[in-house]
Amino acid sequence: MLTQTTTDLSRGVGQLNVSIQNVLTDPSEVGRLTKETEDLTLTVDANRADIRNLTAVVAGLQRATPDVGNQSDNASSVTGDISSLARDMQKMMTDVGSLTSELGNVKGDVGNLAGELALLNKTLKDRASQDAGNENGQLQGTRTKKKIYIDLKAQEGCYRLLNGTHQIGCGSAQAGNVGVVHYMETDEDWDWVLKTGTTTPFAAVLHSANFTAKNVRRLVQSGRVNGIAVISVNLTAPVDGFSADKSCPNDAYGLYHDNADFENCKNETWNQAGHGLVFDDLGMPIFSLTEESDVESIINKCYLKFNKPVNGKARPYPLCAVQLESFMQAAKDTETCIRRSELVLNLNPVKFCDPLGDQNIVATLKAVPYNETRPESSVIVVGARSSTEKDVMFALFQGEAFDYIGSSRMVYEMGEGRFPVSFDMSELDTLKLQKINLTHIAQFIELSQVGRRDDSNSLWMHVDPAVLKQERTTVDAMLQQLKSHGTTAGTHLMETPEGKPLPPASVQRFLMDRKFPSIVITDHEKQFTNRFYNSHFDLAKEIDADYPSDNITDWYNATTRQSNLTASLATTLARYLFNQVTGRDPSSSEQAILTADSEEVNHLYYCYLHSPHCDLFNTTVDPKDTDALKKNTKPYPFYVSIHYKTTELTQLTQRVLAYFTGKEVINATEDTCKVMSDDTGITDERYSYLWMHGPDSGGERKPMCYKSTVLLSVAKSPAFEIDDYDWSSGKYSTWTESVWNTFRVRVFLIPSKQFQVLTLTVGIGFLLVSLVIVYFISSSADVLFQNASEPPQS
């Protein structure tokens, strides 16, 4: 009888624990939990009498034991067991009384849970049925988390960067930041989130047009917001412009950082729309919602259904919340992060941050071998944020927004005598490019921002005052030649007033080491005409490179105002370079050759700003990467990324430049498309060879091999190469990106705080009751579960 009683109690408590866990994952189980609580209460009441009777029997046995004490050698042992059993039974009576009282409380608590769980059950029912539905004729299992969370597709978020002195950017707690969703539509919504709302902390959802520095800082400083989600399906730029960069970009690492006349943009505030938001340490996650389905989930299925206040009052629980997860491993500054990363505490060292960087793209017209002399002032550099006959070097610099990473690295490499490639003079069995240093540069033409012309449709030529004073004759000749060729090509070039400093430009890093004739061409005379400098709103439509969707069906082969303007500028530069290299102006027939094709320029704009799945990229991409290219329907980001990863955009740009400046190797195969040897057997490493997918011909593509002088040059700050570098010196960029594991956004319902505490309390209560019962059963197991088949000992 005792065995059956304890077994019934144990089984009842075990079932109750299972039901509690079921309720936590499936609110529909609340009815079963209520019934099982009542059943267990009845079982305890029914068995109370049985336990009392058994206690009496044990007491009788205890009194009878002395009478048989002399009949067995084991009498003393039996007497001890019966006495122990009597004590245990008495204690069990007391515990069962407590259990009865506890079950009474639980019964009442379970009744209170039913209200909130009913609403949770209704909300999650559809979700659970979808995930556990029939797929391809087979019943699929459902993971518990899928009944609770709706994972959004959002993967684009703000992250943490560090430099030599501090950290900036965003990040979440390790388990993510959770906030009650609130959609910021009206002033009342802002007042609710910032002041009056009671269901803190919030997760603010904004339209892109409201994503301004002022609004973001208000949310961060309120202490009532745990994260921000920005609706970016159809980007709408703030009416007053938006530039997260500083008003004086890169000033601390440029030519004028210690110039009393020009430092801190004293003479001209270039980026007047700049508010420096990107340099704030925001301390919370910020995500961009770029998918319609994500917006539908977080606005219609979440906020409007559960959270939107009614008549100025908060809705009852449960409320809809969002978890924003973007935990960052690095903290404080680059020096601290690098030191922590270099600590080897086990066989699997942990990295906390990576230097920013990529690859500069460089191409020369002449492949001058290392065993030939390269005269001084014999290289014309045409850079972009990329008779001795002169050479021309085209350069595309990476990471310039982060204190001139690419240009400062190139200057450093030139000073170390290892640009464009590093080699030992003893390597006489290979033919390499002759090195280039600062003394070889004859002049420097940099194309900066040229996409937004002012009202006069002009481009402006900027010259550093010190360079103009030192190289006036050469600079004046350059200016006049550019204006002359611009006039014939349809580009209106103007000179800025003397004495004006250069705007932010890569050439500043070169001029810090050596002054030479140089011109920076921009679309602005003074402040930037681009109100979205270095921001996600700097889109094709802002520079007239968009297409009227109702009129043009083949956007790739169309032309836009911007493609025509850019083609005219390209024509101007081509004819100018022809003049500088040959010493004469091009003839009429040569001018026709030196005329850029507006349609080809549009191909570039389309591929870079609209869709990478375009014919030009498909022609030049490695055949192995065509599937990856097809999956990308949105433009590749221009972010520099981390140094050991060459970005997709850099790889594609290298191939496009090789396609335009190189030549096809006839009859080459994939195996033979590589560095070759000349007739003397010397390996010629002056050229690079790229295996390309090939042009489209009736739906088929024939791969081809292209030979060119295009090469990649490291774009990683020298600060990470110099031993014992002073991180606070300000000489080189020190930017790093924090290591992070995942970016995730998911929506779920949260109950009230009281509900959460009650759930925890009930769980702990039943755990303790279970432990008590298990303890008593275990301590009396040798008596309760004695094998009946064993003969009595005599």
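This passage describes two sheets, the helices that cross them, and the aromatic contacts of a predicted model. Residues are numbered from 1 along each chain as its sequence is written, and side-chain values use heavy atoms, without hydrogens and water. Local features need pLDDT of at least 70, side-chain atom pairs count only at pLDDT 80 or more, and totals for chains, interfaces and linings use all residues.

An open sheet of 8 strands runs in the order 19-18-20-17-14-15-13-28, with mixed pairing. Strands (E, at least two residues) and helices (H or I, at least four) are DSSP runs numbered from the N terminus; two strands pair if DSSP finds at least two bridges between them. Strand 19 (492-495) and strand 28 (711-716) are the edges; each has a single partner strand, so one side of each lacks a neighbour in the sheet. Neighbouring strands are turned by 25 degrees against each other on average, direction ignored. Strand 14 (379-384) pairs with strand 15 (391-396) in the parallel sense over 6 bridges. Here Ile380 stands opposite Val392.

Two helices lie across strands of this sheet (contact: heavy atoms within 4.5 Å). Helix 9 (405-415) crosses strands 13, 15, 17 and 28, at about 105 degrees to strand 28. Helix 18 (648-661) crosses strands 13, 15 and 28, at about 5 degrees to strand 13. Axes are lines fitted to C-alpha atoms, for helices over the stretch in contact; angles run from 0 to 180 degrees between N-to-C directions.

Helix 18 also lies across strands 24 and 27, at about 105 degrees to strand 24. These two strands belong to an open sheet of 3 strands, ordered 21-27-24, with antiparallel pairing. Its edge strands are strand 21 (663-665) and strand 24 (688-692). The twist averages 40 degrees from one strand to the next. Strands 21 and 27 (704-708) pair over 3 bridges, and Glu664 has Tyr706 as its bridge partner.

The whole structure holds 27 aromatic pairs. Rings of Phe, Tyr and Trp (its six-membered ring) pair if their centres lie within 6.5 Å; planes under 30 degrees apart are stacked, over 60 edge-to-face, the rest tilted. Phe397 and Phe510 form a tilted pair, 5.9 Å centre to centre, with 55 degrees between the planes. Phe397 lies in the loop between strand 15 and helix 9, and Phe510 in helix 12 (507-511), so the pair ties together parts 113 residues apart in sequence. Phe397 is buried (under 20% relative accessible area; exposed is over 50%, partly exposed in between; 1.4 Å probe, protein chains only).
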